[in-house]
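Subject: Handover of a structure and its findings

Dear colleague,

Please find below the structure that I am passing on to you. The findings follow it, grouped by region.

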Amino acid sequence: MPNYKKGQKEDQGNYRPVSLTSVLGKIMERIILSELSRQVQGSQGIRASQHGFMKGRSCLTNLISFYNHVARLLDAMKAIDIVYLEKLANHGIDKCTLHWVKNWLYGCAQRVVINGVKSGW
């Protein structure tokens, strides 16, 4: 059942999807996070300017920092290339873990259904 946020209740964009993750899935995510954190921090793979897999940092602070950096590069008319997963591989993350992360990132999708009307994925 989608959770109502605010605005007109008839507008499906005013609802957020509810993700019901299994207990085993949550445990697996915690194990993967712990292992990635150990490997990355042990190999000095993540600089202080990065936010991924670091306690006390959030997706929001990473996004703000990222967009600020991109805006500066665009203002300077410089090219922008973005590669995160390959960087993890270059710092020794084992192939099984990296494969799982790729599948998890590209395999997740959510949408809201209200009175039979479906939002986009």
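I begin at the C-terminal end, where Lys-118, sequence neighbours up to four places away left out, touches Gln-12, Arg-111, Val-112 and Val-113. This residue lies in strand β4, which covers residues 117-118. Its link to Gln-12 spans 106 residues in sequence, yet the two C-alpha atoms are 8.1 Å apart in space. Ser-119 belongs to the segment after β4. With neighbours within four places in sequence set aside, Ser-119 is in contact with Gln-12, Arg-111 and Val-112. Is Ser-119 buried or exposed? Its relative accessibility is 18%, and the cut-off for buried is under 20%, so Ser-119 counts as buried.

Please note that the model is predicted. Its pLDDT averages 77 over the protein, and 79% of the residues score at least 70. Confidence is highest in β4, at 86, and lowest in helix α3 (residues 85-90), where the mean is 71.

As to the overall architecture, the protein has four helices and four strands. Read from the N terminus, the order of the elements is β-β-α-α-α-α-β-β. Of the 121 residues in the protein, 18% are buried. The exposed area is about 9800 Å², of which carbon and sulfur atoms supply 58%. Among contacts between residues at least 6 apart in sequence, 38% join residues at least 24 apart.

Near the start of the chain, Asn-14 sits in the loop between β1 (3-4) and β2 (15-16). Its relative accessibility of 15% falls under the 20% cut-off, and Asn-14 therefore counts as buried. Which residues does Asn-14 contact, leaving aside its neighbours within four places in sequence? They are Asn-3, Tyr-4, Lys-5, Lys-6, Gly-7 and Gln-8. For one of these, Asn-3, the separation from Asn-14 is eleven residues in sequence and 8.6 Å between C-alpha atoms.

Turning to the interior, the largest nonpolar core consists of six residues: Ile-32, Leu-36, Leu-88, Ile-93, Leu-98 and Val-101. Two or more residues of this core come from each of α1 (23-42) and α4 (95-107). Ile-32, a member of the core, touches Thr-97, Trp-100 and Val-101 when residues up to four places away in sequence are not counted.

Helix α2 can be checked against its expected length. Its 17 residues (59-75) should span 24 Å at 1.5 Å a residue, and the end C-alpha atoms are 24 Å apart, which agrees. After α2 comes Met-77, with a positive phi near 55°.

Finally, there is one aromatic pair. It joins Phe-66 and Tyr-67, whose ring centres are 5.4 Å apart; their planes stand at 65°, so the pair is edge-to-face, the cut-off for that class being over 60 degrees. Phe-66 has a relative accessible area of 24%, which places this residue in the partly exposed class.

Should you wish to go through any of these regions together, I would be glad to do so.

With kind regards

Terms used: Residues numbered from 1 in each chain as written. Predicted model: local features only at pLDDT ≥ 70, side-chain atom pairs only at ≥ 80, totals over all residues. Heavy atoms only, no water. Core = buried A, V, L, I, M, F, W, Y, C linked by side-chain atoms within 4.5 Å. Buried < 20%, exposed > 50% of the residue type's maximum accessible area, 1.4 Å probe, protein only. Contact = heavy atoms within 4.5 Å. Areas by Shrake-Rupley, 256 points an atom, 1.4 Å probe, with all protein chains shown as cover. Phe/Tyr/Trp six-rings, centres within 6.5 Å; stacked < 30°, edge-to-face > 60°. pLDDT = per-residue confidence, 0-100. Expected span 1.5 Å × (residues − 1).
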